[in-house]
Structure formats: structure tokens, C-alpha cells
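Here are my notes on the model you sent round. Please read them with the structure open.

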Amino acid sequence: MTAEEFQALTGATPERMAELERFRVLLTEANAVMNLVGPDSLPDFWNRHAWDSAQLLAHAGEAKTWADIGAGAGFPGVVLAILLKDQPGAMVWLIDSLQKRCRFLQTVVDELDLPAKVVWGRAEAQAVTVDVVTARAVAPLDKLLGYAQPCLARGAQGLFLKGEKAEAELREAARVWHVDASLTVSRSDPRGRIVTVRSLRPRGNQHRG
């Protein structure tokens, strides 16, 4: 996918495209000194990273506040913050437990003047109220739901980018959680899935189901 194809799919303005391109450059520079994304994935930035992230907006209705847990290199959170920049009330919480990744994220947020807050800490310890909680490539779904549970308990919808093992992960998670969830095929990779979580509560009896 080219930048032009991404723009056609998303309707991003020239200003937002310029910011996404600057983000791509900052990521490429930082990735040379620390492992943020697989270096082989950078040539496919517009599909594998930008479009993979941006597609979530179509699943989120009028959502303006997001929490990206395990935000890492900024996918999907930084891409969402760029695309939501002109929306009044938009805010993306970029939560990561590794300080050096948070320093990278803060550099991006500051340079692009994004509606985002970088939080260094464990996701499950953050008391944020948002419309959507999201994550990509953080942990298997049974553990990821535990990280997201505080946000989900405050009324957030969950939108999680997962790979081809999503169905198996969801079955495994159902051993630990009562979860109302559905799977949608990713538009950036037909092997991937978007897991939409509407409600979640722990199973009181681990031997049930």
C-alpha cells in the first residue's frame, strides 16, 4: 500500500498525511537503536502499521477517547491520535510499562502536538475512563483482557488487533472470563482479526465452561 492509497481509504487530510509521514521517519530512526517493530515491516508501513491501526475507527462509532495499552511503537494509538487530531475532545492514552518506549512516544506526541498523554506504568493499574480500550501485539487474549479489564469495567468498548490465532485465543479466554465478544476480519491482512469486546467479567468458578 502506498501513502496515496492509505489517504484514499481513510480520507486523511494533507496535514494528517504529513504528520503520519513524520511519524514514519521518527519510528524508522528510533527503530535503528531500539526494537520497536520488526525492521522488515517498515517498508510496508502504510498497510501493516498505519492502515492496520486506522481501520479501528470504523468500528468505534463516535468514540473520541481511547486507551492504547502496551502502546509500544505507537500502533494503533499514535495513528489514531493523528487522525482524531481535529476532533474536539479527542484524547488517546498511550500506556506502556517500558520507560524507553514511553520516551519515544513522548517525543512523537510533542513533535506532532498530538491529543495524547503518555503513561509509564502497568495497564491494569491505570484508572482511566475512555470510550475504547485497544491494543496490538501485547499478550494472548486471556491475559490482555485482564490488562484491559479496568477500562472495560468503566464502560469502554474493547477493540483488539489480533492475528490468525484469534479464535483459539478467544476460546481459551472464555475459560477465565465471561466475555461478550465478536471477531471481524482485518482489512489490512485477511489472516488478522479485530476482537470487539462489549462486556467482560471474571468467572467465579474456574472449572466452569
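The points below cover the cysteines, the cores, one helix pair and some backbone details.

1. Status. This is a predicted model. Please keep that in mind for every value below.

2. Cysteines. The disulfide count is 0. Why does C102 not bond to C151? A disulfide needs two cysteine sulfur atoms within 2.5 Å. The closest cysteine sulfur to that of C102 is in C151, 15 Å away, so the gap is too far for a bond. C151 gives the matching result: its closest cysteine sulfur is in C102, at 15 Å.

3. Cysteine exposure. Are these two side chains buried or exposed? C102 is buried, at 6% relative accessible area. C151 is buried too, at 4%.

4. Main core. The largest nonpolar core holds 46 residues. Which of them touch the most other members? They are F6, F23, L27, W66, F104 and L114. Several elements give two or more residues to this core. The helices are α1 (3-10), α2 (14-31), α3 (45-54), α4 (77-83) and α5 (99-112). The strands are β2 (91-96) and β5 (157-162).

5. Second core. A separate core has 24 residues. Among them are L141, A148, L152 and A156.

6. L27 up close. L27 is one of the residues that touch the most other members of the largest core. Setting aside neighbours within four places in sequence, what does L27 contact? Its partners are L36, V37, L42, F45, A73, F75 and F104.

7. Helix pair. Helices α6 (residues 141-153) and α7 (residues 166-173) pack at about 65°. Their axes are 8 Å apart. From α6, the contact uses L141, D142 and L145. From α7, it uses E169, L170, E172 and A173. The contact residues split into 4 nonpolar and 3 charged, with no polar ones.

8. Cis peptide. Which residues does the cis peptide bond join? It links F75 to P76, with omega at about 5°. P76 sits in the loop between β1 (65-69) and α4. F75 is also among the contacts of L27.

9. Positive phi at D113. The phi of D113 is near 50°, a positive value in a residue that is not glycine. D113 lies in the loop between α5 and β3 (116-120). Its relative accessibility is 60%, so D113 counts as exposed.

10. Positive phi at A137. A137 is not a glycine, yet its phi is positive, at about 55°. The residue belongs to the loop between β4 (132-136) and α6. A137 is exposed, with 72% relative accessible area.

Methods:
Residues are numbered from 1 along each chain as its sequence is written. This is a predicted model: local features need pLDDT of at least 70, side-chain atom pairs count only at pLDDT 80 or more; totals for chains, interfaces and linings use all residues. Side-chain values use heavy atoms; hydrogens and water are left out. Buried means under 20% relative accessible area, exposed over 50%, partly exposed in between (1.4 Å probe, protein chains only). A nonpolar core is a set of buried Ala, Val, Leu, Ile, Met, Phe, Trp, Tyr and Cys residues joined through side-chain atoms within 4.5 Å. Helices (H or I, at least four residues) and strands (E, at least two) are DSSP runs, numbered from the N terminus. Contact means heavy atoms within 4.5 Å. Axes are lines fitted to C-alpha atoms, for helices over the stretch in contact, and angles run from 0 to 180 degrees between N-to-C directions. Ala, Val, Leu, Ile, Met, Phe, Trp, Tyr, Cys and Pro count as nonpolar, Asp, Glu, Lys and Arg as charged, and the others, Gly among them, as polar.
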